[in-house]
2 protein chains.
Amino acid sequence: MLNNSHYIDKLRSSGLRPTKQRIKICEILFNTEKTFHFTINDLVKKISKATNDKISLATVYNTVHAFKKKGYLKEIPINSDQSYFDTNTSHHHHFYDESQKDLIDIDDADVEPVKINTRIPGKKIKSVEVLVKVEDAE
Amino acid sequence: MLNNSHYIDKLRSSGLRPTKQRIKICEILFNTEKTFHFTINDLVKKISKATNDKISLATVYNTVHAFKKKGYLKEIPINSDQSYFDTNTSHHHHFYDESQKDLIDIDDADVEPVKINTRIPGKKIKSVEVLVKVEDAE
DNA sequence: TTCTACATTATAATAGTTCTAAACTGTTGA
DNA sequence: TCAACAGTTTAGAACTATTATAATGTAGAA
Ligand SMILES: [Mn+2]
Ligand SMILES: [Mn+2]
Ligand SMILES: [Zn+2]
Ligand SMILES: [Zn+2]
């Protein structure tokens, strides 16, 4: 617990009380430069490694949903049996290694604008996301 | 039950016994020109409308998995709480209307080749799929 | 300090999916 | 032709991720 004032401010300014559970989860999710792609189970494991006082599963779910709602996390539909979340909330794309179940960011700047030559009448485009599945090169 | 010999051959030639349950499911899934995007629940409802003799839920799951394994269906990761399947097994893309939970095909030819200016060492690209989220134009 | 709305928690409930094991059926080949 | 067998169907149980419930705890305001 070093420099948590940043998280405390962030939480408070978004109308979330800075409880010790939420601060701990912030530390785990956001204390790194790198994007973190995770399932709830991944996060639970990280928490139990990082702290002695446990956080209940319900709170982990509650917190992840609250953070998603506030825009601090994105949900990535990669797998139909578990939700994946992403600390990178900017518009970006992914490599996905199915054998390792590993998601890797592709910066939006690294994908040339995708041209789609068809439209749906009465609908407008909200986002265009590219998923690149990869496998081991032999 | 008109022209099922086609399905019977198809099933038999892929090593699946042409049972009446599988033939019925073939009729529902493949008797149309149009792509069919569905959840297991959608399919169960279609079956119960189309026939009097019911097919057990376990058989619906078994059959969909068998067809996927044989390459007659693709699974589409759009939603993290239910699996979506697609009768269009060619390489293609999708529009997705989140409010209606409606998936619409985009032909591969309608998307200009996607250029990705980054790679993962030791991995090669298996597929590139584009998901276009849409919303009502005001 | 007291009050209250918000938050955490253990646990129950739910829902989609998979497993189990018994009954059934398509196919083979004697 | 038909017994034998492997593959298939089935009801229901089990499993797993997620959400709901409702009691207890706590942050922040007054
Ligand atoms: Mn994981
Ligand atoms: Mn549906
Ligand atoms: Zn990402
Ligand atoms: Zn499709």
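Which residue of chain A forms a salt bridge with Asp136(B)? Keep that one in mind while I set the scene. What we have here is a predicted model, so please take everything I say in that spirit.

Okay, the answer: Asp136(B) pairs with Lys123(A), and their closest N and O atoms sit 2.6 Å apart. Between chain B and chain A there are six salt bridges, along with 26 residue pairs in polar contact. On the chain B side, strands E4 (93-97), E5 (102-106) and E6 (123-136) each give at least two residues to the surface touching chain A. The largest share comes from E6(B), with 14 residues. Sorting that side of chain B by type, you get 16 nonpolar, nine polar and 15 charged residues. Each chain puts 40 residues into the contact, and together they bury about 3800 Å², 54% of it on carbon and sulfur atoms.

Now over to the metal. The zinc ion, ligand 3, is held by His37(A), Asp86(A), His92(A), His94(A) and Asp105(A), at 1.9 to 2.3 Å. His92(A) is in the loop between strands E3 (84-86) and E4 (93-97) of chain A, while Asp105(A) is in strand E5 (102-106), so this pair ties together parts 13 residues apart in sequence. His92(A) is buried, at 1% relative accessibility, whereas Asp105(A) is partly exposed at 21%.

Last stop, helix H2 of chain A, residues 20-30. Why do I call H2(A) largely enclosed by the rest of the structure? Because eight of its eleven residues are buried, among them Ile23(A), Cys26(A) and Phe30(A). The buried residues pack against helices H1 (5-13), H3 (40-50) and H4 (57-69), plus strand E1 (37-38), of chain A.

Methods: Residues are numbered from 1 along each chain as its sequence is written. Chains are lettered from A and ligands numbered from 1 in the order in which they are written. This is a predicted model: local features need pLDDT of at least 70, side-chain atom pairs count only at pLDDT 80 or more; totals for chains, interfaces and linings use all residues. Side-chain values use heavy atoms; hydrogens and water are left out. Buried means under 20% relative accessible area, exposed over 50%, partly exposed in between (1.4 Å probe, protein chains only). Helices (H or I, at least four residues) and strands (E, at least two) are DSSP runs, numbered from the N terminus. Contact means heavy atoms within 4.5 Å. Donors are N, O and S atoms within 2.8 Å of the metal (3.2 Å for Na, K and Ca); water is not among the atoms, so sites may look incomplete. Buried area is the accessible area (1.4 Å probe) that two parts lose on being put together, summed over both. A salt bridge is a side-chain nitrogen of Lys or Arg within 4 Å of a carboxyl oxygen of Asp or Glu. A polar contact is a pair of N or O atoms within 3.5 Å; within protein, one must be able to donate a hydrogen and the other to accept it, and residues adjacent in sequence count only if both atoms are side-chain atoms. Ala, Val, Leu, Ile, Met, Phe, Trp, Tyr, Cys and Pro count as nonpolar, Asp, Glu, Lys and Arg as charged, and the others, Gly among them, as polar.
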